[in-house]
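Please open the structure in your viewer and keep the selection tool at hand. The tour proceeds by selection, and each stop explains what is to be found there.

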Amino acid sequence: MHFPSDLWLTGIVVAMTILLWATARLPEFITALLFFAAAMLLHIAPAATVFSGFASSAFWLVLSGFILGVAIRQVGLADRLASLLVMPLSRSWPRMIGGVIVLSYLLAYVMPSNMGRIALLMPVVGALARQASIAEGSRGWTGLALAVGFGTFQLSASILPANVPNLVMSGAAENAFHLHLAWMPWWFLHTPVVGIMKGVLLMLCLCWLFPGRPKPVIGRLKQPPLSNDERRLMVILALTLLFWMTDSLHGISPAWIGLAAACVCLLPRIGFVSGDAFASGVNFRTCLYVAAILGVTAVVVESGLGAVIAHGLLAMTPLSPQQPFISFLSLSALTSALNFVVTANGVPAMFTPMAQQFAGASGFPLLTVIMIQVLAYATPLLPYQASPIVVAMALGKVSPRDGVRLCVWLAVLSALLLLPLNYLWFRVLGYV
């Protein structure tokens, strides 16, 4: 792979940043700050590119999500919602893990934002764990937090508008090839493997890696009447959810809807979150981390480093019309390799415009090549590749080591079990 001379410095900074995140040798927010400092001191990209993460909707969804999560806990709404779920879900550990995964997946059908869903679910799942006598910081607590993060991000890839990489890919396909991707064909192609089978595999991995013993709750916990704060917050959340669900009609980004709701929650006398609660409940470390992830992606794409890496990987990728299964595996592996460099949101932006070249080399239809990448970018090998997982880990106080363990095991088992099944499903539907 030949690197132009002016990209070597960019490649070194990006590689060191990714290496530090992958190995967790430094706290993630320190690595983020080091990236910002190195990028500006070495002039590898303009400031607008390096700090573009702070201007992105994802950053503001993370920040507003933290504020909404604090409000839900402060007024007691999390405990009230958890009490509705604890009796049926606390009967066994697989039932509790499976219930949380199903809940995160079903919410994706009505709420388009990964970050928003995590912000709503994490306080409820935390209260659910406490009511089932699962101690904070225990293996069971970690498993529930990861069920929210992984279930929210990975399974929602099977629903077109419920995942940022899906929307990036849809836009790139329309811009590059005038190819309009529809909801129902997408759902039918990806739900059996990426949605259902991936969900079952996730549940099995979580039950094995993070065992828990919930204390069964026999009778429903007696709850006090709804307070005025709870009623007002429920109205705010219902309106926020309504605007999130109808974003295609009014055109307002979910980030700005979430930010407006967060501002209402912070207003004196009207809101629910005090200055002290804001300072203690909002994890600015994670906000910096997410901004840096998005900044790295922008630097890689706009500097041309991503295109150089992608073309280099293409030159080394075995593609042949005579070996469709090998070509299918190769394109999936190529997408996974790009995920290391540009993260999940950047993969479709980098891969999709080159799909015509891949289609010519592999003999696959153009639509097939575009669709192959979904399972791959929905299966990160390390947490930093998917910012919603990073946010869920921060909200659940999950150690990087535990997040990496689940990522690696799920990626390996997905490659061994789900990738061949995905190929067979593509064949059944006539895509291969």
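The stops below go from a surface patch to the core and then to pairs of charged side chains. Please bear in mind throughout that this is a predicted model.

**Stop 1: a nonpolar patch on the surface**

Select Trp8, Leu9, Ile12, Met16, Leu19, Leu41 and Leu42, which form a nonpolar surface patch of about 710 Å². Which helix gives the most to the nonpolar patch? It is helix 1, residues 8–23, which supplies five residues. An α-helix has 3.6 residues a turn, so residues three or four places apart point the same way. Now keep only tryptophan 8, which is found in helix 1. Its relative accessible area is 47%, so tryptophan 8 is classed as partly exposed.

**Stop 2: the largest nonpolar core**

In soluble globular proteins, nonpolar side chains tend to be buried together. The largest nonpolar core here has 147 residues, and those that touch the most other members are Phe35, Leu144, Leu206, Leu233, Leu331, Phe358 and Leu406. The element that gives the most to this core is helix 4, residues 57–74, with eleven residues.

Select phenylalanine 358 and display its surroundings. Residues up to four places away in sequence aside, phenylalanine 358 touches Leu314, Leu319, Leu331, Leu334, Phe351 and Val369.

**Stop 3: helix 4 from end to end**

Select helix 4 by itself. Is helix 4 mostly covered or mostly uncovered? Mostly covered, for 14 of its 18 residues are buried. Its length may be checked as well: at 1.5 Å a residue, the 18 residues should span 26 Å, and the end C-alpha atoms are 26 Å apart, so the two values agree. After helix 4 comes glycine 76, whose phi is positive, near 90 degrees.

**Stop 4: two single residues**

Select serine 387, which lies in helix 20, residues 387–395. Its relative accessible area is 7%; because buried means under 20%, serine 387 counts as buried. Apart from neighbours within four places in sequence, serine 387 is in contact with Met115 and Val290.

Next, select isoleucine 30 in helix 2, residues 28–41. With a relative accessibility of 31%, isoleucine 30 counts as partly exposed. Add alanine 291 to the selection: the two residues are 261 apart in sequence, and their C-alpha atoms are 12 Å apart in space.

**Stop 5: the salt bridges**

Side chains of opposite charge can pair when their charged atoms come close. How many salt bridges does the structure hold? It holds five, and three of these pairs may be visited in turn.

- Select glutamate 28 and arginine 285, whose side chains meet in a salt bridge at 3.6 Å, N to O. This pair links distant parts of the chain, since glutamate 28 is in helix 2 and arginine 285 is in helix 15 (residues 284–303), 257 residues apart. Arginine 285 is partly exposed, at 41% relative accessible area.
- Select arginine 80 and glutamate 230, with a salt bridge of 2.8 Å, N to O. Arginine 80 belongs to helix 5 (residues 77–89) and glutamate 230 to helix 11 (residues 228–245), 150 residues apart. Both arginine 80 and glutamate 230 are buried.
- Select glutamate 136 and lysine 397, which meet at 3.3 Å, N to O. Glutamate 136 lies in the loop between helix 7 and helix 8, and lysine 397 in the loop between helix 20 and helix 21, so the pair ties together parts 261 residues apart in sequence. Glutamate 136 is partly exposed at 47% relative accessibility, whereas lysine 397, at 64%, is exposed.

Note on methods: Residues are numbered from 1 along each chain as its sequence is written. This is a predicted model: local features need pLDDT of at least 70, side-chain atom pairs count only at pLDDT 80 or more; totals for chains, interfaces and linings use all residues. Side-chain values use heavy atoms; hydrogens and water are left out. Patches are made of residues with over 30% relative accessible area and no salt bridge: like charges are joined within 9 Å, nonpolar side chains (Val, Leu, Ile, Met, Phe, Trp, Tyr) within 5 Å. Accessible areas come from the Shrake-Rupley method with a 1.4 Å probe; for residues, only the protein chains shown count as cover. A salt bridge is a side-chain nitrogen of Lys or Arg within 4 Å of a carboxyl oxygen of Asp or Glu. Helices (H or I, at least four residues) and strands (E, at least two) are DSSP runs, numbered from the N terminus. Buried means under 20% relative accessible area, exposed over 50%, partly exposed in between (1.4 Å probe, protein chains only). A nonpolar core is a set of buried Ala, Val, Leu, Ile, Met, Phe, Trp, Tyr and Cys residues joined through side-chain atoms within 4.5 Å. Contact means heavy atoms within 4.5 Å. The expected span of a helix is 1.5 Å times one less than its number of residues.
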